[in-house]
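Okay, thanks everyone, I'll keep this short. Have the model up on your screens and follow along as I go through it.

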Protein chains: 2
Amino acid sequence: MITSIDETLLLGPGPCNISNSVRDALARPLLGHLDPGFLEIMESVKSRLRRVFDTQNAVTFPVSATGSAGMEFLLVNFLEAGDTIVVGVNGVFGGRIAALSEKLGAKVVRVEAEWGRAIDREAFCEAVRRESPKVAALVSGETSTGVYQPMDGVGDVCRESGALLFVDCVTSLAGMPVHIDSWGADIVFSGTQKCLGAPPGLAPVTVSNRALEVYRTRSRPTPSFYFDLDAILAYVDGEGGRSYHHTAPISMVFALDAALGEILEEGLEARWKRHAEAAAYLRSELGEMGFTPLVPEGERLNPLTTLRLPEGIDEAAIRGRLLTEHQIEVGAGLGPLAGKIWRVGLMASNAREESVDRLVSTVKGILS
Amino acid sequence: MITSIDETLLLGPGPCNISNSVRDALARPLLGHLDPGFLEIMESVKSRLRRVFDTQNAVTFPVSATGSAGMEFLLVNFLEAGDTIVVGVNGVFGGRIAALSEKLGAKVVRVEAEWGRAIDREAFCEAVRRESPKVAALVSGETSTGVYQPMDGVGDVCRESGALLFVDCVTSLAGMPVHIDSWGADIVFSGTQKCLGAPPGLAPVTVSNRALEVYRTRSRPTPSFYFDLDAILAYVDGEGGRSYHHTAPISMVFALDAALGEILEEGLEARWKRHAEAAAYLRSELGEMGFTPLVPEGERLNPLTTLRLPEGIDEAAIRGRLLTEHQIEVGAGLGPLAGKIWRVGLMASNAREESVDRLVSTVKGILS
């Protein structure tokens with residue numbers, strides 16, 4: 001059964017298609033999670049993630065669960081009941097940061113923007129100055145709306161206000177510029193199934209030294225076993241020996257290492273450019289057919305383009321036919337954008353003209 | 001680099017080696033997590049898990065993280081701050097249930113046994129009767145000590161006392177008898193990298209209707225986003241449509257489905273018998289060399305045998321040489337058993353005489 005299904009072109013919000021070398025890495029024979037050969041690969045992943053995040057942070061590794069778990073890992077370790085968090089909310093993922101923070105007993109201050117627009121930096125910084133929160137959170141790439149958040153100057157304001165800058169880089173990392181250290185970002189997570197070009201299953205995170213110092217002053221232990229930073233570090237860092245915490249998802253780590261190797265071989269700047277060109281081509285080609293971008297120029301996320309459909313098109317029906325008849329997946333709108341937009345991902349190896357051509361010609365065929 | 005490493009024989013506490021068909025499944029092209037083709041595989045996994053757990057529980061699925069996350073998923077949903085939990089502690093994994101319960105603010109009553117012995121059922125049941133706890137927890141297969149916990153009668157006492165019976169089946173599932181429904185177990189988790197013969201990365205769980213009723217009476221929302229039962233069910237169950245919660249680890253689900261298919265093809269009873277025979281052969285062969293079982297007969301976990309080493313053997317040195325010179329992994333002792341025992345796993349496809357022969361002849365060669 002397994003080999004009889006042909007490959008679907010994954011142009012939704014992720015996962016995207018993965019390369020043959022990543023697939024080979026997945027299928028590699030297992031090693032034990034304390035095997036020196038595996039630990040070497042884990043070290044390679046950590047080192048390569050630092051380059052992709054553009055950070056010197058020692059604490060940089062993949063959390064052993066999917067992207068959303070990266071958010072939980074960061075909040076559960078760096079935010080305590082009674083703390084304040086300022087969150088930019090302009091889509092599903094900012095909303096999730098706010099919702100989990102509330103569940104954890106924090107005071108949540110939302111800085112909102114219309115879905116499809118970036119958070120106003122001045123309004124966000126003003127809230128940070130006013131509240132002096134423990135954490136200030138922004139979504140770098142809002143997967144629900146296709147917005148890329150400008151980050152300039154935010155890190156400085158967070159430092160002045162004593163706030164840790166939390167950034168969700170799930171859909172931006174390796175597809176658009178991400179500069180953790182020069183942004184002054186302190187606690188950051190991503191996912192493997194977007195522009196990193198690996199399967200879903202790991203949440204790369206990076207933590208600044210400043211954030212580690214804040215962590216050391218927690219008043220209560222982290223209310224989690226699986227996401228407990230110190231316990232995880234005893235395994236993934238292991239200065240003076242590795243302590244067992246959980247059994248790392250070996251095959252996923254193999255795959256991530258292979259995917260990161262491909263990224264660094266291509267070069268980050270070349271990769272960002274490739275994503276930008278593919279997105280521009282998509283907007284132009286679908287623009288000619290009457291699709292209009294949800295997000296204004298200058299705030300667009302290249303790995304994921306959101307488009308309003310031409311009048312009179314039954315988006316769900318066409319999206320369904322694309323998938324079932326033509327094996328092309330595109331994403332639906334979420335929340336208030338459900339039924340109104342498509343989310344078209346051109347991520348990792350899919351960020352190229354051929355993907356766009358196949359999508360556009362197929363949509364034309366369906367509509368004709 | 002990836003293909004140049006030969007296959008290591010994984011005879012530690014897991015992961016074990018995986019079959020070629022599981023490796024092929026891992027390497028399969030990705031599908032979207034809402035693709036009907038993927039959801040069909042998810043349904044297959046749920047249905048096959050029910051057969052392996054021997055349960056009719058509708059709520060049976062893999063949590064999207066490694067085995068330890070299964071424990072956290074269950075405790076965070078079914079135990080609240082202020083609740084009481086009775087925990088059998090006779091090794092690392094019972095200790096973890098107790099420790100996380102404390103972190104979550106529960107009152108923890110430990111029923112202890114020596115490491116290497118089963119929990120005394122009468123003492124455990126007596127504590128359950130006395131405390132009428134929200135949850136009563138036992139470890140079916142203690143991976144740190146190699147003990148298989150007898151379960152007869154415990155479920156009845158839990159029901160009479162209004163307690164949910166929590167069982168850790170990480171190392172027993174598919175390697176020794178596990179009968180969730182006839183045990184009267186309510187909330188149960190396992191891991192994929194032991195006798196299920198899949199890579200680490202998923203935590204199969206099953207939840208009784210009785211437990212679901214208790215969950216509906218929570219006084220506060222589950223203090224987690226990633227492990228929130230209702231939010232996960234809206235995706236994995238999806239009666240009336242699937243809601244996005246997180247991106248499922250597609251490749252891992254493919255692999256688990258393939259592994260479960262192999263298990264059901266072999267048949268559970270045949271598989272338990274194969275694990276029992278392999279373990280008996282191991283104990284006999286290593287017994288002749290002076291290795292002595294830690295666990296008395298009748299309490300032994302067949303998938304993982306724990307053995308004290310003969311006098312005068314430097315266990316760490318030999319274990320190291322087994323791995324680095326001969327590509328055979330065996331497990332070290334944990335906690336008070338560190339340096340004193342080996343943990344030898346014969347799990348899934350490794351549960352056969354050939355694995356034992358290779359280990360025994362290699363150890364003999366090193367010692368001679």
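So, strand β3 of chain A, residues 84-89: is it mostly covered or mostly open? Mostly covered, with 5 of its 6 residues buried. Before I go on, remember that this is a predicted model. The partner to look at is strand β4, residues 107-112 of chain A, which runs parallel to β3(A) and is joined to it by 6 bridges. If you want a spot to click on in that pairing, I85(A) stands opposite V108(A) in β4(A). And the usual reminder: side chains in a regular strand alternate between the two faces of the sheet.

Now zoom out to chain A overall. You have 13 helices and 14 strands in there. The C-alpha atoms fill a box of roughly 65 × 50 × 35 Å along the principal axes. A compact globule of 368 residues would have a radius of gyration near 21 Å, and chain A comes in at 20 Å, so the two agree. Of those 368 residues, 59% are buried. Contacts reach far along the sequence too: if you take those between residues at least 6 apart, 72% join residues at least 24 apart.

Next, the open sheet in chain A. Which order do its 5 strands take? β1-β13-β14-β12-β11, with mixed pairing. The edges are β1 (9-11) and β11 (292-293) of chain A; each has a single partner strand, so one side of each is left without a neighbour in the sheet. Further in, β13 (residues 328-332) and β14 (residues 341-345) of chain A run antiparallel, joined by 2 bridges. There you'll find G331(A) opposite R343(A) in β14(A).

Two helices go with that sheet. Helix α11 of chain A, residues 268-287, packs on the sheet and touches β11, β12 (304-308) and β14 of chain A, with its direction at about 15° to that of β12(A). Then there's helix α12 of chain A, residues 315-326, lying across β13 and β14 of chain A and running at about 155° to β13(A).

On to the two chains together. A turn of 180° with a shift of 0.0 Å along the axis lays chain A on chain B, and the RMSD is 0.0 Å. That is the relation of a two-fold axis. The same surface serves both copies, with 100% of the contact residues of chain A recurring in chain B. Which residue of chain A comes closest to the rotation axis? That's A65(A), at 2.3 Å by its C-alpha.

As for the interface itself, 54 residues of chain A are in contact with 54 of chain B. On the chain A side, the elements giving two or more residues are α1 (20-26), α3 (67-78), α4 (92-103) and α10 (250-266). The most comes from α10(A), with 5 residues. By class, that side of chain A has 29 nonpolar, 16 polar and 9 charged residues.

Last stop, one residue in chain B. A174(B) is in the loop between β8 (164-168) and α7 (180-183) of chain B. Buried or exposed? A174(B) has 28 other C-beta atoms within 10 Å, so it is buried. Leaving aside neighbours within four places in sequence, A174(B) is in contact with V52(B), C195(B), L196(B), I263(B) and R271(B). For contrast, try L104(B): it sits 70 residues from A174(B) along the chain, and their C-alpha atoms are separated by 31 Å.

How values were computed. Residues are numbered from 1 along each chain as its sequence is written. Chains are lettered from A and ligands numbered from 1 in the order in which they are written. This is a predicted model: local features need pLDDT of at least 70, side-chain atom pairs count only at pLDDT 80 or more; totals for chains, interfaces and linings use all residues. Copies are superposed by least squares on the C-alpha atoms of residues with pLDDT of at least 70 in both. Two residues are in contact if their C-beta atoms, placed from the backbone, lie within 7 Å. Helices (H or I, at least four residues) and strands (E, at least two) are DSSP runs, numbered from the N terminus. A residue is buried if 20 or more other C-beta atoms lie within 10 Å of its own, exposed if 12 or fewer, and partly exposed in between; C-beta atoms are placed from the backbone. Two strands pair if DSSP finds at least two bridges between them. Axes are lines fitted to C-alpha atoms, for helices over the stretch in contact, and angles run from 0 to 180 degrees between N-to-C directions. The radius of gyration is taken over C-alpha atoms; the globule rule is 2.2 Å times the number of residues to the power 0.38. Ala, Val, Leu, Ile, Met, Phe, Trp, Tyr, Cys and Pro count as nonpolar, Asp, Glu, Lys and Arg as charged, and the others, Gly among them, as polar.
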